[in-house]
Protein chains: 2
Amino acid sequence: MIDGVSLTAVPVEGLPEIRKGDRLGELIAAAAAPRLNGDEVVVVSQKAVSKAEGLTRDLDQVVPGQRAIQMAEKLGKDPALVEVILSQTRVVVRAERGVLICETRDGWICANAGVDSSNVPGKRTVTLLPSNADDSARRVRREIKRACGAAPAVIVADSFGRPWRLGQVDVAIGCAGIEPIHSLREAIDRVGGRLEATEIAIADQLAAAADLVREKASGIPAVVISGLDFLILEHDGDGAKALQRRAHEDIFRGSS
Amino acid sequence: MIDGVSLTAVPVEGLPEIRKGDRLGELIAAAAAPRLNGDEVVVVSQKAVSKAEGLTRDLDQVVPGQRAIQMAEKLGKDPALVEVILSQTRVVVRAERGVLICETRDGWICANAGVDSSNVPGKRTVTLLPSNADDSARRVRREIKRACGAAPAVIVADSFGRPWRLGQVDVAIGCAGIEPIHSLREAIDRVGGRLEATEIAIADQLAAAADLVREKASGIPAVVISGLDFLILEHDGDGAKALQRRAHEDIFRGSS
C-alpha cells in the first residue's frame, strides 16, 4: 500500500522562547539540522515570527482614539486592543456580535486583524501579524540555508476561524520555496473528463497538517514536513498572497 | 528533535473503482489491513463513499423545473445540474457571478450543494453528497472492524472552496471514532495566560493532511494517518456536524 507519496510531520523541539532580534531560521536549523536536506517544508508559527520581528504591543502604552472607543463599546472589547487592531486594518469586514473581522494591511481577512494575546509573556502584551509574511518566510529560509546549507520550503502559519464552520484551522500567510496553490486545471482525470478549475490550496493544507503535531500550549514554533519533495522550489516563488481572493472576485466580502 | 507527537499519512493503494453496493470499509481493510491496528485515522473521499452508496445522477434523466431553469440562465449553468443541486439544498446562500453556494440538507455550506461531476465515469453523471456523512463514516468504521478487527477513526472528506481565500482545501463532512473539534478552552498556556476559546477543527486538519498525499486524478479514495492515537475514541463520538456553525451564530450566512 505504500508505493505512492507519503508524508511525515515532526515538531522541532528544544527551541528557546523566541525574542526580538532572534534569527528564527538559525535556531530552527540548529534544532532540526541533522534531518534537514532541503526536501522538506518547514512550517513556522506566526507568533514565533512576530516575536523575532519584535511585533508586540503593550496595551498599557496604547491610547485609543475615538473610533476605537466607540467600536470597543459596541463589541464589548478593550479599547486599547481595538486601537491596535484598527492600526493593522485596511478594511473592517464585519463588526458585530462581539466579533471584529478585518482585512489586514497585508490583505488577510481574519478576526481582530490577527492581533493575538495568547502565549505572549505579559498579560497586556499582544502580537501583530508580520507586515509581509512572505518576506518573513523568505528571510527564515535564507537563515536556514546560511546556517546548515539546506533550503527547505518555509511556510508561516496562523490559526484562522472560518465562516460557516466552527473551530480554527491553520492557514498559510507567508511562504517561500513552494507555490501556495497546486493547480489541477490541466490534469485529465482517470475517466477522461477534465478536472475543471481544481486548484488545491496546498500551503494551507500543509499549515493544517503541521498544526496537528504542534500542541498550541507547549510553544512548539516549527514543524518539519517530509515526503513532498516534488513541491519544493529552488526559487522562492510567488508567496502566499497568491491565496488572497481579490475583493471584486469575492462574493463574501461586503457587509450584509 | 523527535520526542513529541509525529504524524505519518500514507495513501491506500490498489483499491478497485468503487461501485454501488461496495462495502468500502471491507475494501479498505483488505488493502490496508497489515498496517491497521485501530490507532489510525482513515480519511476516505466523499466521492468514494457516494459511489458506494449509489449517490449518482445521470443529468440526461433529469427534468429541470422552472426555478432551476431560471437560476441556470442567470448563472450560466446547465439547468439539469441546477435541478439536481436544488434537490440537495436546504437554503441557497448565494447565487451570483456564476457561483451557487448552498446549505445542503445535511447542513454543509459549499458550492453546488456538493454536487460534483469530476472523476465520475460518464460525462453527464454527477455525484451527490451522502445524505448523512456521519452515518457513512460510522458504517465504514464498522465494516473495517468487521473485516480486520481494528476500529480506526474514519473521516469522510470533501474539497470545499472558502470565502476570501483561493484554492480548495479538504474538510470533514463526516466522522466516527474521533471528536471533530479539539478544545483548548481549558488549557493554560505556557506563560500563565488562558487560551480563551481556542478550538481546533482537528477533523478538518486531518482531511487537509490526507489530501496532501492523495493525488486527485489518480483515484486514491483513502489515506491512513498514524501517530495521533490519543485522538481515537472507542465510541463513535458526536460526528462532523459539530463543526457546523449555527445560522444564528454565523455573521456570514445571510445574503449581502
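Visitor: How many bridges join β2(B) to β8(B), and do the two run parallel or antiparallel?

Guide: Start with the general idea: strands of a sheet pair through backbone hydrogen bonds, either parallel or antiparallel. In this predicted model, β2(B) and β8(B) run parallel and are joined by five bridges. To find the pairing on screen, look for Ser45(B), which stands opposite Ala157(B) in β8(B).

Visitor: And which strand pairs with β2(B) in the antiparallel sense?

Guide: That's β12(B), which pairs with β2(B) over four bridges. Here Val42(B) stands opposite Val224(B). Strand β12(B) also runs antiparallel to β1(B), again with four bridges, and there Val10(B) is the residue opposite Val224(B). So you can use Val224(B) as a landmark: Val42(B) faces it from β2(B) and Val10(B) faces it from β1(B).

Visitor: How many residues of β12(B) are buried?

Guide: Four of its five, which leaves the strand, residues 222-226, mostly covered.

Visitor: What is the order of the strands in the whole sheet?

Guide: Read it across both chains: β9(A)-β8(A)-β2(A)-β12(A)-β1(A)-β1(B)-β12(B)-β2(B)-β8(B)-β9(B). That is an open sheet of ten strands with mixed pairing. From one strand to the next, the twist averages 25°.

Visitor: Which strands stand at the edges?

Guide: β9(A) and β9(B) do. Each has a single partner strand, so one side of each is left without a neighbour in the sheet.

Visitor: What does helix α6(A) touch when it packs on the sheet?

Guide: It touches β1, β2, β8, β9 and β12 of chain A, together with β9 of chain B. Its direction makes about 125° with that of β9(A).

Visitor: Are the residues of α6(A) buried or exposed?

Guide: A general point about helices comes in handy here. An α-helix has 3.6 residues a turn, so residues three or four places apart point the same way. In this case, every one of the ten residues from 202 to 211 is buried, so α6(A) is largely enclosed by the rest of the structure. Among them are Ile202(A), Leu206(A) and Ala210(A), and also Asp204(A), Gln205(A) and Asp211(A).

Visitor: Now for the loops. Which residues of chain B have a positive phi?

Guide: The background is that most residues other than glycine have a negative phi, and most peptide bonds are trans. Two residues to look up are Asn112(B), with phi near 55°, and Trp164(B), with phi near 75°. Asn112(B) sits in the loop between β6 and β7 of chain B, while Trp164(B) is in the loop between β8 and β9.

Visitor: Why do Asn112(B) and Trp164(B) count as buried?

Guide: It comes down to counting C-beta neighbours inside 10 Å, where 20 or more means buried. Asn112(B) has 20, so it counts as buried. Trp164(B) has 22, so it is buried too.

Visitor: What about Pro163(B), and what does it touch?

Guide: Pro163(B) is also found in the loop between β8 and β9 of chain B. It counts as partly exposed because it has 18 C-beta neighbours inside 10 Å. Leaving aside residues up to four places away in sequence, Pro163(B) touches Pro163(A), Asp250(A), Phe252(A) and Phe252(B). As for Ala208(B), that residue is 45 residues away from Pro163(B) in sequence and 17 Å away in space, C-alpha to C-alpha.

Visitor: How is chain A divided into domains?

Guide: Domain 1 covers 6-53 + 130-243, and domain 2 covers 56-129. Their C-alpha centres lie 26 Å apart. In the contact between them, 14 residues of domain 1 meet twelve residues of domain 2. On the domain 1 side, α2 and β8 of chain A are the elements that give two or more residues, and α2(A) has the largest share, four residues. That side divides into four nonpolar, six polar and four charged residues.

Visitor: What confidence does the predictor give?

Guide: The general rule is that where pLDDT is low, the predicted coordinates should not be read in detail. Chain A has a mean pLDDT of 89, and 89% of its residues reach 70 or more. For the complex, the ipTM is 0.93 and the pTM is 0.93.

Technical notes. Residues are numbered from 1 along each chain as its sequence is written. Chains are lettered from A and ligands numbered from 1 in the order in which they are written. This is a predicted model: local features need pLDDT of at least 70, side-chain atom pairs count only at pLDDT 80 or more; totals for chains, interfaces and linings use all residues. A residue is buried if 20 or more other C-beta atoms lie within 10 Å of its own, exposed if 12 or fewer, and partly exposed in between; C-beta atoms are placed from the backbone. Two strands pair if DSSP finds at least two bridges between them. Two residues are in contact if their C-beta atoms, placed from the backbone, lie within 7 Å. Domain bounds come from an automatic or database domain assignment. Ala, Val, Leu, Ile, Met, Phe, Trp, Tyr, Cys and Pro count as nonpolar, Asp, Glu, Lys and Arg as charged, and the others, Gly among them, as polar. Axes are lines fitted to C-alpha atoms, for helices over the stretch in contact, and angles run from 0 to 180 degrees between N-to-C directions. pLDDT is the predictor's confidence in each residue, from 0 to 100.
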